[in-house]
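Q: I am new to this structure and would like to learn how to read it. Could you walk me through it, step by step?

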Amino acid sequence: MVGSLSEIKGKILSTEKTSKITSAMRMVSSAKLVKSEQSARDFQTYASKIRQITTDLLESELTQGSDNPMLASRPVKKTGYIVITSDKGLVGGYNSKILKAVMDMIDEYHSSEDYAIISIGGVGSDFFKARHINVAYELRGLEDQPSFEQVGQIILQSVEMYKNELFDELYVCYNHHVNSITSQVRVQQMLPITELDANEASDEGVTGFELEPNRDQILEQLLPQYTESLIYGAIIDAKTAEHAAGMTAMQTATDNAKNVINDLTIQYNRARQAAITQEITEIVAGANALE
């Protein structure tokens, strides 16, 4: 019985140490989440401005149609997917949700190698490679608060691949942050640009701008920049959802550890009580034998 008591006590101490670790990790994820949510809010200010300027400049094309390669749809021979996952685990179902959604899309819409995967995050890259799915481009080691400089190369590469017709449409697949306990899988079309609405153009339109050198040259630079901003916004959104998932996973782990400690403590007390009862019984039996 003493051995059993020692074993239970050892499990309690081990679980308490695990609980302290998961609690600390929850606090770290919580701090990262606060910063990431602020970054997302700051980015929305920029995103709304560049969207408004782009809509104003494209008002006529959005109404009458355009042959600009960034706007005009072309026959789809190949589809590009930017898939955003984390580099590490311990984030609950964050990675499994998005990877399952991507695989379901591939199974449903693609019967051959008519798609390309661009992977952001080590978990996704390893997942696709393990299934012999070619990853055209990948980025690992993304910072907790990624700057545009860090992700700029993969974003630029994705846009250039589209412009060079290596694929004919581009989607970003990621977990959209709803709140600290909820995220939603989102598959958002980035190219060709289809989500701009001419009705959102401001009243003065392009007449409110002094255009130099000319409108077409400005659009040649602005449209890729607008698409790049959308992809960057998706990365920030996905990172925010990752931190929220990590915080929730570590909170759940901490709660589970506390439940295990409570159960083990009850077992320990019962075992200790049984040991004491056994000792008392043996003492009484011995005393009775001497009478």
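A: Gladly! Keep in mind that this is a predicted model. Let's begin with a pair of strands: β4 and β5 run antiparallel and are joined by 9 bridges. A hairpin of 2 residues connects β4 to β5. To see the pairing up close, find Cys-173, which stands opposite Val-187 in β5.

Q: In what order do the strands form the sheet?

A: The order is β3-β2-β1-β4-β5, which makes an open sheet of 5 strands with mixed pairing. β3 (135-139) and β5 (182-191) stand at the edges with a single partner strand each, so one side of each has no neighbour in the sheet. On average, neighbouring strands of this sheet are turned by 20° against each other, ignoring direction.

Q: In which sense do β2 and β3 pair?

A: Strand β2 (residues 115-120) pairs with β3 in the parallel sense, over 4 bridges. Here you can look for Ile-118, which stands opposite Tyr-137 in β3.

Q: Which strands does helix α3 touch?

A: Helix α3 (residues 94-109) packs on the sheet and touches β1 (79-84), β2, β4 (169-179) and β5. The direction of α3 makes about 150° with that of β4. Another helix to find is α5 (residues 148-163), which lies across β1, β2, β3, β4 and β5 and runs at about 160° to β3.

Q: Which residues of α3 are buried, and what covers them?

A: Buried means under 20% relative accessible area. In α3, the buried residues include Tyr-94, Ile-98, Leu-99, Val-102 and Ile-106. Their cover includes β1, β2, α4 (122-130), β4, β5 and α6 (215-290). As for length, α3 has 16 residues and spans 23 Å from its first C-alpha to its last, close to the 22 Å expected.

Q: Which residues touch the most other members of the largest nonpolar core?

A: That core has 43 residues, and those touching the most other members are Ile-82, Ile-84, Ile-120, Val-151, Val-172, Ile-231 and Ile-235. At least two residues come from each of α1 (2-57), β1, β2, α5, β4, β5 and α6. The most come from α6, which gives 13 residues. Try Ile-120 as an example: beyond its neighbours within four places in sequence, its contacts include Ile-82, Leu-139, Ile-154 and Ile-235. There is also a second, separate core of 16 residues, with Val-102, Ile-117, Phe-128 and Tyr-171 among them.

Q: How many salt bridges are there?

A: The general idea is that side chains of opposite charge can pair when their charged atoms come close. The count here comes to 10 salt bridges. One of them joins Asp-168 and Arg-74, whose closest N and O atoms are 2.9 Å apart. This pair links distant parts of the chain, 94 residues apart: Asp-168 is in the loop between α5 and β4, while Arg-74 is in the loop between α2 (59-64) and β1. Both Asp-168 and Arg-74 are buried.

Q: How many residues apart are Glu-160 and Lys-163 in helix α5?

A: They are 3 residues apart in helix α5, which means about one helical turn separates Glu-160 from Lys-163. Their side chains meet in a salt bridge at 3.7 Å, N to O. Glu-160 is partly exposed, with a relative accessible area of 29%, and Lys-163 is partly exposed at 41%. Finally, look for one network in which salt bridges with shared partners join Asp-126, Lys-129, Glu-138 and Arg-140.

Technical notes. Residues numbered from 1 in each chain as written. Predicted model: local features only at pLDDT ≥ 70, side-chain atom pairs only at ≥ 80, totals over all residues. Heavy atoms only, no water. Pairing = 2+ DSSP bridges. Axes fitted to C-alpha atoms, helices over the stretch in contact; angles between N-to-C directions. Contact = heavy atoms within 4.5 Å. Expected span 1.5 Å × (residues − 1). Buried < 20%, exposed > 50% of the residue type's maximum accessible area, 1.4 Å probe, protein only. Core = buried A, V, L, I, M, F, W, Y, C linked by side-chain atoms within 4.5 Å. Salt bridge = Lys/Arg side-chain N within 4 Å of Asp/Glu carboxyl O.
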